[in-house]
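Please open the model in a viewer and keep the sequence panel visible beside it. The tour below proceeds by selection, with a short account of what each selection shows.

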Amino acid sequence: MKDNIKKKYVGAILFILLALLIYISNISNMPENIVLFEGEPLNIKTVLGINITTTSSTNPNIEKIENKQTITVSANTSDQNHTGNLNLQVSFLGIKVKNINVDIIENAEVVPIGNLIGVKLYTNGVLVVGMSEIEDEREGKVKPYEGSGIEEGDIIVGINENIVTCTDELTKYINEAKGNDMKVTYIRNGEELNTNMKAVQSSDNSYKIGLWVRDTAAGVRYC
């Protein structure tokens with residue numbers, strides 16, 4: 001009888017620890033700073049018990065639509081002024097645990113003119129839109145990008161002399177490096193820069209550098 005009760009207690013404790021791990025992972029994977037183009041939606045997945053609310057907004061025309069598991073930040077199409085800053089507060093069971101800063105910047109529109117001569121245009125690189133900590137295989141919190149000099153708004157165009165044109169290629173080259181020192185080439189304000197970084201093996205056995213990136217094809221992805 002006592003053994004059965006003991007097993008139930010152990011099972012309950014393990015269940016609670018597993019639930020806490022899921023919540024901690026969900027919260028830590030949320031970036032602290034995000035850059036969006038005007039009109040671009042942002043979806044942040046949450047689990048039950050985690051709530052995200054708006055604490056401040058520099059533009060009343062920026063809408064925030066909430067439901068129990070997903071929030072969407074987008075521009076109000078009825079007004080032309082879609083840019084601004086939005087501060088979101090993440091809370092767990094009513095306790096504040098994190099702030100998320102969202103910058104919505106002007107979206108540039110490219111209009112092709114002239115005659116078609118058979119040249120196809122590609123946009124190389126991936127845009128860094130956020131940063132967050134990684135839970136490594138030892139369940140520690142690390143920031144591989146720290147000290148690299150890379151910031152939100154930079155465009156990563158190369159890893160170890162390999163040209164990066166999309167998020168899939170970035171993920172591929174990061175995993176191929178297997179945690180060894182990588183040469184990362186990026187562009188800031190039109191200037192090409194280089195830095196070194198080591199990816200960290202995360203709890204799902206993939207290698208990550210703690211950056212949220214986006215390209216024109218795949219949208220926002222965590223690498």
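How many bridges join strand β8 to β11, and in which sense do the two strands run? Select residues 126-131, which form β8, together with β11: two bridges join these strands, and they run antiparallel. Within this pairing, Val126 has Ile156 of β11 as its bridge partner. As the model is predicted, every feature on this tour is a computed one.

**Strand β11 and its other partners**

Keep β11 selected and colour it by burial. Four of the five residues of β11 are buried, so that the strand is described as mostly covered. Next, add β13, residues 181-188. Four bridges connect β11 with β13, again in the antiparallel sense. To locate this pairing, display Ile155 and Ile187, since Ile155 stands opposite Ile187 in β13.

Now add β12, residues 162-163. β11 and β12 are antiparallel and share two bridges. Here Ile159 is the residue that faces Asn162 of β12. The two strands make a hairpin, with two residues between them.

**The turn of the hairpin**

Which residue in the turn between β11 and β12 has a positive phi of about 50 degrees? Select Asn160, for which this value is found. Then move to Glu161, which is located in the loop between β11 (155-159) and β12. Glu161 is not a glycine, yet its phi is positive, at about 70 degrees. For residues other than glycine, a negative phi is what most show. Is Glu161 buried or exposed? Glu161 is exposed, because its relative accessibility of 63% lies over the 50% cut-off.

**A second loop: Lys178**

Proceed to Lys178, in the loop that lies between α2 (167-177) and β13. Lys178 also carries a positive phi, near 50 degrees, without being a glycine. Lys178 counts as exposed because its relative accessibility is 57%, where the cut-off is over 50%.

**The four-strand sheet**

Clear the selection and display β1, β7, β6 and β3. In that order, these four strands form an open sheet of mixed pairing. Its edge strands are β1 (33-37) and β3, each of which pairs on one side only. From one strand to the next, the twist averages 30 degrees.

Within this sheet, select residues 84-92 for β6 and residues 95-105 for β7: nine bridges join them, and they run antiparallel. Ser91 and Lys96 mark one place to look, as Ser91 stands opposite Lys96 in β7.

At the edge, pick Ile52, which belongs to strand β3 (residues 50-57). Ile52 is buried because its relative accessibility is 2%, against a limit of under 20%. Draw a distance from the C-alpha atom of Ile52 to that of Gln89: the separation is 5.5 Å, although the two residues are 37 residues apart along the chain.

**The nonpolar patch**

Finish with a surface view of Ile13, Leu14, Phe15, Ile16, Leu17, Leu20 and Ile24. Together these residues make a nonpolar surface patch of about 710 Å². One of them, Ile24, is situated in helix α1 (residues 2-28). Why does Ile24 count as partly exposed? Its relative accessible area is 44%, and the partly exposed class lies between the buried limit of 20% and the exposed limit of 50%.

Notes: Residues are numbered from 1 along each chain as its sequence is written. This is a predicted model: local features need pLDDT of at least 70, side-chain atom pairs count only at pLDDT 80 or more; totals for chains, interfaces and linings use all residues. Side-chain values use heavy atoms; hydrogens and water are left out. Patches are made of residues with over 30% relative accessible area and no salt bridge: like charges are joined within 9 Å, nonpolar side chains (Val, Leu, Ile, Met, Phe, Trp, Tyr) within 5 Å. Accessible areas come from the Shrake-Rupley method with a 1.4 Å probe; for residues, only the protein chains shown count as cover. A salt bridge is a side-chain nitrogen of Lys or Arg within 4 Å of a carboxyl oxygen of Asp or Glu. Buried means under 20% relative accessible area, exposed over 50%, partly exposed in between (1.4 Å probe, protein chains only). Two strands pair if DSSP finds at least two bridges between them. Axes are lines fitted to C-alpha atoms, for helices over the stretch in contact, and angles run from 0 to 180 degrees between N-to-C directions.
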